[in-house]
Amino acid sequence: MILQTTYAGAAFFAGDSIDNTNHQASVIGAVAAAHYIRAVAPAYGIPVVIHTDHCAKDILPWLDGLLDADELYYKEHGEPLFSSHMVDLSEEDVTWNIQITAKYLKRAAAMKQWLEMEIGVTGGMEDTVNHEHVDTSLLYTQSRDIHLIYTNLKQVSPYFSIAASFGNVHGVYKAGYAVLRPHLLRLHQEYVQEKEKTKTCKPVFFVFHGGSGSSAQDYADSIRFGTVKVNLDTDLQWAYLSGVRNYVMGKKDYLATQVGNPEGSDKSNKKYYHPRAWLREAEKSMTARVKDSFRDFNAVNQL
Ligand SMILES: [Zn+2]
């Protein structure tokens with residue numbers, strides 16, 4: 001599985017009251033999360049890809065700080081602290097986007113680290129990115145842009161993926177806001193293969209941003225056309241809340257006072273309001289939702 005932290009999520013993990021003027025809280029939080037995952041994941045027996053999310057132009061110093069931590073870790077362990085990062089210059093001019101992305105890919109390539117980049121506009125809103133009011137015609141990346149990125153980045157390293165827009169939106173909206181067109185990914189693959197005469201029919205690694213709220217068919221199609229990563233956040237946020245909400249509403253007579261519940265006025269409610277009780281419910285409901293997604297993404301181990 002892949003665990004990724006956003007810029008704001010990393011700061012929150014460190015503690016939301018830490019000053020983040022120079023992005024330090026977001027660096028500290030992401031680095032702490034990476035070390036935590038490295039320490040705990042072996043106990044679950046689950047290999048984890050540790051990734052960081054959207055990094056737009058104004059927060060590039062965040063990515064610089066993360067790469068500093070990677071290089072330090074690399075010196076000691078022969079691998080970077082994070083498996084991969086994302087740089088998101090999709091709001092900038094395409095040439096500049098590619099140029100700066102290539103610069104970061106060069107730094108990552110020295111550690112055989114993966115870099116995800118974004119092109120085109122993903123609609124909706126996620127964390128520090130807001131595209132809710134953008135013209136929906138901009139929500140579809142052109143094949144020639146994919147080809148341009150492919151040829152430029154390929155010269156630097158093979159370890160990169162492209163989050164292209166094919167009508168995807170961050171967050172969940174009413175039906176009809178944008179139409180998802182996963183078949184565009186197939187057209188991009190054909191275009192690049194034709195131009196570059198590549199051996200494989202799927203030369204490009206795509207990332208599906210804004211996966212929440214999509215149909216099983218859309219997931220299946222985009223994965224078939226070369227998507228190697230699906231971002232799922234909003235639906236998991238909802239699943240996480242659902243567990244707590246159901247618990248609190250179902251136990252409301254045990255959560256109104258510290259002492260006293262329907263079983264007696266002298267009964268303690270400590271075991272009901274203990275954070276482990278209700279936070280565990282959030283984890284359980286989110287885990288169930290993740291399991292559904294693994295099935296949708298054709299990522300369940302075949303025994
Ligand atoms: Zn995105």
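User: What makes Lys-229 and Glu-116 count as buried or exposed?

Analyst: Relative accessible area decides the word: under 20% is buried, over 50% is exposed, and in between is partly exposed (1.4 Å probe, protein chains only). Lys-229 is buried, and Glu-116 is buried too. Before we go on: this is a predicted model, where local features need pLDDT of at least 70 and side-chain atom pairs count only at pLDDT 80 or more, while totals for chains, interfaces and linings use all residues. Residues are numbered from 1 along each chain as its sequence is written, and side-chain values use heavy atoms, with hydrogens and water left out.

User: How do you know that Lys-229 and Glu-116 meet in a salt bridge?

Analyst: For a salt bridge, a side-chain nitrogen of Lys or Arg has to be within 4 Å of a carboxyl oxygen of Asp or Glu. Here the N to O distance is 2.7 Å, so the pair passes the test. Lys-229 sits in strand β10 (residues 227-230) and Glu-116 in strand β4 (residues 114-119), so parts that are 113 residues apart in sequence get tied together. The element names come from DSSP runs, numbered from the N terminus: helices are H or I runs of at least four residues, and strands are E runs of at least two.

User: And what makes Arg-107 and Asp-64 a salt bridge?

Analyst: Same rule, and the closest N and O atoms are 4.0 Å apart, so the pair counts as within 4 Å. Arg-107 is in helix α4 (residues 94-109) and Asp-64 in helix α3, 43 residues apart, so distant parts of the chain are linked. Arg-107 has a relative accessible area of 24% and Asp-64 has 28%. Both values fall in the in-between range, so both residues are partly exposed.

User: Why are Glu-281 and Lys-284 said to be separated by about one helical turn?

Analyst: Because they are three residues apart in helix α11 (residues 275-296). Their closest N and O atoms are 3.2 Å apart, and they form a salt bridge. Glu-281, at 24%, is partly exposed. Lys-284 is partly exposed as well, at 43%. Elsewhere, salt bridges that share partners join Asp-64, Asp-68, Glu-71 and Arg-107 into one network. The structure holds twelve salt bridges.

User: Why are α2 and α3 called oblique?

Analyst: Helix α2 (residues 24-44) and helix α3 (residues 60-77) pack at about 40°, with axes 9 Å apart. The axes are lines fitted to C-alpha atoms, for helices over the stretch in contact, and angles run from 0 to 180 degrees between N-to-C directions. Under 35 degrees is roughly parallel, over 145 roughly antiparallel, 65 to 115 roughly perpendicular, and the rest is oblique. An angle of about 40° lands in "the rest", so α2 and α3 are oblique to each other. Their crossing is right-handed: the near helix is turned clockwise from the far one by less than a right angle, whereas anticlockwise would be left-handed. Among the residues making the contact (heavy atoms within 4.5 Å) are Val-27 and His-35 of α2, and Trp-62 and Tyr-73 of α3.

User: What makes α5 oblique to α6?

Analyst: The axes of helix α5 (residues 143-154) and helix α6 (residues 183-196) come within 9 Å and cross at roughly 55°. That angle makes α5 oblique to α6. The crossing is right-handed. The residues that meet include Tyr-150 and Thr-151 in α5, and Tyr-191 and Val-192 in α6. By class, this contact has five nonpolar, four polar and three charged residues; Ala, Val, Leu, Ile, Met, Phe, Trp, Tyr, Cys and Pro count as nonpolar, Asp, Glu, Lys and Arg as charged, and the others, Gly among them, as polar.

User: Why does Thr-151 count as partly exposed?

Analyst: Its relative accessibility is 22%, so Thr-151 sits between the two cut-offs. Thr-151 and Val-192 are 41 residues apart in sequence, with C-alpha atoms 8.9 Å apart in space.

User: Why does Lys-197 count as exposed?

Analyst: Lys-197 has 63% relative accessibility, so it passes the exposed cut-off. Lys-197 is in the loop between α6 and β9 (206-208), and its phi is near 50°, a positive value in a residue other than glycine.

User: Why does His-23 count as buried?

Analyst: At 12%, His-23 falls under the buried cut-off, so that's its label. His-23 lies in the loop between α1 (7-14) and α2, and has a positive phi near 70°.
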